[in-house]
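Biologist: I would be grateful for a close look at a single part of this model, followed by an account of how the rest is arranged around the sheet. Please write for a student in the first year.

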Amino acid sequence: MSPFPSHVEAFVRDFKTSEPLSIVNLDRQVFNAPLRRDILQRVVVWQRDSMRQGTHSAKSRSEVAGTGKKAAPQKGRGKARVGDMKAPHFRGGGIAFGPKPRDHSTDLPRKVQEMGLRVALSTKYAQDQLTVVDNLDIESSKTRDLVNILKQTYGEPTMLIVTQDINEQLELAARNIPRCEVIYVEETNVLDLLTYDKLVIEKSAVETLESVLREA
């Protein structure tokens, strides 16, 4: 049996004022995992591989425009033999072994993906960049009102807001804020967690993450 408690603690705060409302127990496996930079690197590379469009394309000698006529006689010139002018070593010719459209995505074991999420969440908790809020309800969908809340309560860090359910007003309000992104709990990923300075997450979303990421 581990001598350490099975949980760590965090304040549950009011989203608009950041005033503490209560204390919540966070699962130690999810929010206090060992900080593994190597795991974070593997997951980020895997995510960014999947994001690549892979639409790069260069024309080979059979695809460039031009005649297939032999450029010079085979013999008698005292120079090297040449074929048509579409060969790769001629200006305007095709590209030898150039890039072609392809899928850059790679595979990563599911357990490594989940471990990466645990490490990223634990990093936010360890660096005091995690704020658990009771709910994310706001009165209006005006961007100006949300900007005022964020400036007065959280300063001006880049911010990732994780919601449990659809919150149309919050999404509309945050849509035009360049340093703020709103995602559902199912969309939580390592790249976003590391990209944004501050993580604001609903208490119910914390419970969802714990149920999914808790090790058996």
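**A glycine in a loop, and the sheet beyond**

Modeller: G83 counts as partly exposed, because its relative accessibility is 35%. The model is a predicted one, and in it G83 is placed in the loop between helix 2 (37–51) and helix 3 (110–126). Apart from neighbours within four places in sequence, the residues in contact with G83 are K69, K70 and A71. A126 lies 43 residues from G83 along the chain, and 66 Å separates the C-alpha atoms of these two residues.

We may now turn from the loop to the sheet. The sheet is open and has six strands in the order 2-1-3-6-4-5, with mixed pairing. Strand 2 (20–27) and strand 5 (180–184) each have a single partner strand, so they stand at the edges and one side of each is left without a neighbour in the sheet. From one strand to the next, the twist averages 30°. In general, strands of a sheet pair through backbone hydrogen bonds, in either a parallel or an antiparallel manner. Here strand 4 (residues 159–163) and strand 5 run parallel and are joined by five bridges. Within strand 4, I161 stands opposite V182 of strand 5.

A helix also crosses this sheet. Helix 7 (residues 203–213) lies across strand 1 (7–13), strand 2, strand 3 (130–133), strand 4 and strand 6 (198–202), and it runs at about 90° to strand 6.

The nonpolar cores come next. In soluble globular proteins, nonpolar side chains tend to be buried together. The largest nonpolar core holds 33 residues, of which L26, F31, L121, V162 and I201 touch the most other members. Helix 3 gives the most to this core, namely five residues. Leaving aside neighbours within four places in sequence, L121 is in contact with V30, F31, L193, L199, L209 and L213. Another core, of 17 residues, lies apart from the largest one, and its members include I138, Y154, A173 and V182.

A173 also leads to a last residue, T143, which is placed in helix 4 (residues 143–154). Residues up to four places away in sequence not being counted, T143 touches L172, A173, N176 and I177. T143 counts as partly exposed, because its relative accessibility is 22%, and buried would require a value under 20%. Q169 is 26 residues from T143 along the chain, and their C-alpha atoms are separated by 9.6 Å.

Terms used
Residues are numbered from 1 along each chain as its sequence is written. This is a predicted model: local features need pLDDT of at least 70, side-chain atom pairs count only at pLDDT 80 or more; totals for chains, interfaces and linings use all residues. Side-chain values use heavy atoms; hydrogens and water are left out. Two strands pair if DSSP finds at least two bridges between them. Helices (H or I, at least four residues) and strands (E, at least two) are DSSP runs, numbered from the N terminus. Axes are lines fitted to C-alpha atoms, for helices over the stretch in contact, and angles run from 0 to 180 degrees between N-to-C directions. Contact means heavy atoms within 4.5 Å. Buried means under 20% relative accessible area, exposed over 50%, partly exposed in between (1.4 Å probe, protein chains only). A nonpolar core is a set of buried Ala, Val, Leu, Ile, Met, Phe, Trp, Tyr and Cys residues joined through side-chain atoms within 4.5 Å.
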